[in-house]
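Please look through the sequence and the structure shown below, and keep both at hand while reading the report that follows.

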Amino acid sequence: MNTRDDNFKLIITGIVQGVGFRPFVYRIANQLGLRGQVFNDKSGVIIELTVDEQSLNKFVDLIRTEKPAPSAIDKIKIVKGNRIFADGFRIIESRESGELAMFISPDLATCEQCKNEILDVRQRRFGYPFTNCTNCGPRFTIIESLPYDRPNTSMKKFVMCADCRKEYEDPHDRRFHAQPIACPVCGPKLSVLDSTGREIDIMDPIEFTVNAILDGKIVALKGIGGYQLACDATSENAVIKLRQRKQRPHKPFALMFKDINNVRKYCYLTRAEEELLLSSASPIVLLRSKQNKEISDMVAPNNRYHGVMIPYTPLHELIFAKISRPLVMTSGNISEEPIAFDNKEALSRLGSIADCFLTNDRPIISRYDDSVVFALGDDVYVSRRARGYAPYPVKLNRNFKQILACGSQYKNSFCLTRQDNAYLSQHIGDLDTLETYENYVSTIETYKRIFNIKPEICAYDLHPDYTSSKYGLSNDIRLKFAVQHHIAHISSVIAEHDLYGESIIGVALDGTGYGSDGNVWGGEVFLVDKMKFTRLGGYRNVRLPGGDAGIERPYRMAISYLYDTFKENFTTTNLYNLYVKDSLVEDELNVILGQIRTGFNSPYTSSCGRLFDGVSSILGQRQICTYEGQAAIELESLSESDEHDVLPYEIDCHNGLIEIDCRPMFCEIENLLNLNTGANKIAKMFHNTIVVQVIDVCLRVMKSTGVKKVALGGGVMQNRLILRGLLDGLRASGFEGYVCRYAPLSDGGISLGQAAYAQSLLEG
Ligand code: ZN
Ligand code: ZN
Ligand code: FE
């Protein structure tokens, strides 16, 4: 042993198992001529070395910078070792010691090497749709329990053949300990079923499927986390048929393109967006459409964006080897039910939608939708967090108690915490149906089991009618906290950015959330001091006529805003007469006015989302919504104009609360309509106005408090014009703006904040 040499032990935690980490360590250790060994234990990867300090530092640097693409290092802990190594570097047997790992890899898109292999006739996996390696393939969707070894996955029923076993056991092979390893001899197999579930006897299931798609048929494909429904995106008839059968009139369908070059033909693509598409998470990325006429308008009606992905499984690759046109690729469900993942279940639920099924005999353990993300410049934001991201934890920057946060009613995700990790679940969906609720409860149990969490505290939304709140109240966790919806939105931002100890302004622009005064909140401003929330005010209250009916029918909100602005005279305005009037049925106006005057089934609301609805209706864009947020999403797409002007508004103070008053805005829109100003210009001015209002309020708060940090939350942040406008505008006014980057901006992100707020209540 060299006099300068010493013994060290490196404990690496994070996603370091099942991602080719040990062969990688072996390679760089040999490159540097190091002496020692590497192995897995329950906590992660352990490296023992006899080395001088300089080489050790170089080694650790290389681990950090060159680590395998699908891995994620949480911590590298270096302690004194107790073994001396005289020569060489080895990979040795895994050990059962160590604290149970807290990380499991999400599912990974097919890697370049596997892709080339399945397209090469000389390879034994040519054309094999279940090819994978340590760099790619299914992970969380096939895991039953930990440790992540083949007997604990849905691959246990497939016995490895001699060739696969050789690869599996060879530390130099890229399939060394690849748990889902498979080949045509020993692995899962495809089959094709007709819509009644009868097997169709054919030679080449993939060719059959491709021909069916080219023939205008709808095919259900068994993917990684569930079934997908595919059809030809260039066939108007096929897309319309899919919409009818899926009972989804307008909500955009995602598209899958053959490759990046194909994406570029149909959509604008920045460097950041390209990286996202090519990443191992391989999400759906929202891209601006080039309005290429080949793609049916029915794919994303009234929307300038397409949700785009590229093939992320070998099955997708093999289909696109035979077809080059874009395909609709959407979750295998009816409307908002959970995605079908079990073969029998798929047949009963999708039999009325799909003309045929391309299925296989590898069971899916966890149900996963595709993730949806978008980029502003280099920054990535999440709309739906599922395959490829969950269950990688969000870092909490401090140790939490074990908390179960139940999440929201819509776009639900739940969150479980342990130490400094928040296990934010994959997208569960709207908890309106029994199927979704059952999936919600069973996924909570799965997470508790896999991550060894026994929650002592339960956090749930203040809304008494949310299914998730009822679950929160009825489970057997003793200590429970109700968390107001918008406090949760802002707390998510605080948790992600480690702002617990700071003074910040919290702005939640949202659809609806149950307020602590019983009103429907949704455009709220808070002053937060070390997690103590004071509500400073928000948008002026108006009635939400008919409650849920007012949310589904934007013209009802339009009338509410017009009544607030013009009282009984509103029926003489263009605002009313151009479009709103025609949307009403029979005696509906009197019903709505009755509701507004008396408040019957019509709570007050300060919702910003409803303001978008009202303006959308007035501009003749959307009178009845068939999916959540439709009016606002379409209004954003309509706002394609360089207009910088802002509409008038007022900020008042009532009973010590700030009130953003939009009545002057509606008066000005009336003037603009009288001047025949285009709807796209007015829509853009409306967006500008929201941005300026928020910055104006923040400046007033800063003046009296000196607070310069602003946390932005709520579903409206998914609107790019608003999000970009606010971040740029706040910076220009001397603020630091913060938004969630890991948790979804939708209600899918509130469970993280519920947990963070509950933790702060515990700490007092
Ligand atoms: Zn691979
Ligand atoms: Zn095999
Ligand atoms: Fe919300």
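Which residue is the bridge partner of Ser191 in S14? The partner is Thr359, and the sections below place this pair in its setting, with the reminder that the model is a predicted one.

## Strand S14 and its partners

Strand S14 covers residues 356-360 and is mostly covered, since five of its five residues are buried. Cys356, Leu358 and Asn360 point one way from S14, while Phe357 and Thr359 point the other way, and the residues of both groups are buried.

S14 is joined to S6 by five bridges, and these two strands run antiparallel; the bridge between Ser191 and Thr359 pairs a residue with its partner in S14. Strand S8, made of residues 219-222, is joined to S14 by three bridges, and here the two strands run parallel. For Val219, the bridge partner in S14 is Cys356, a residue that is buried and that points the way Leu358 and Asn360 do.

## The zinc site

The zinc ion (ligand 2) is coordinated through the SG atoms of Cys161, Cys164, Cys183 and Cys186, at 2.3 Å. The angles among its four donor atoms are 104 to 115°, and the site is tetrahedral, a label that requires all angles to lie between 85 and 135 degrees. For comparison, the ideal angle for four tetrahedral donors at a metal is 109.5 degrees.

Along the sequence, the donor residues of this zinc ion follow the spacing C-x2-C-x18-C-x2-C. Cys161 lies in the loop between helix H3 (112-118) and helix H4 (162-169), whereas Cys186 lies in the loop between H4 and strand S6 (190-194), so the pair ties together parts that are 25 residues apart in sequence. Both Cys161 and Cys186 are buried.

## The iron site

The iron ion (ligand 3) is coordinated by His485 and His489, each through NE2, by Asp510, which is listed twice with an OD atom, and by Asp747 through OD, at 2.0 to 2.7 Å. In sequence, the donor residues are spaced H-x3-H-x20-D-x236-D. The pair of Asp510 and Asp747 links distant parts of the chain, 237 residues apart: Asp510 is in strand S22 (residues 503-514), and Asp747 is in the loop between strand S30 (736-738) and helix H23 (750-763).

Are these two aspartates buried or exposed? Asp510 has a relative accessible area of 3% and is therefore buried, and Asp747, with a relative accessible area of 11%, is buried as well, because buried here means under 20% relative accessible area.

Methods: Residues are numbered from 1 along each chain as its sequence is written. Chains are lettered from A and ligands numbered from 1 in the order in which they are written. This is a predicted model: local features need pLDDT of at least 70, side-chain atom pairs count only at pLDDT 80 or more; totals for chains, interfaces and linings use all residues. Side-chain values use heavy atoms; hydrogens and water are left out. Donors are N, O and S atoms within 2.8 Å of the metal (3.2 Å for Na, K and Ca); water is not among the atoms, so sites may look incomplete. Helices (H or I, at least four residues) and strands (E, at least two) are DSSP runs, numbered from the N terminus. Buried means under 20% relative accessible area, exposed over 50%, partly exposed in between (1.4 Å probe, protein chains only). Four donors count as tetrahedral if all angles lie between 85 and 135 degrees; four count as square planar and six as octahedral if opposite donors are over 155 degrees apart and all others between 65 and 115; anything else is irregular. Two strands pair if DSSP finds at least two bridges between them.
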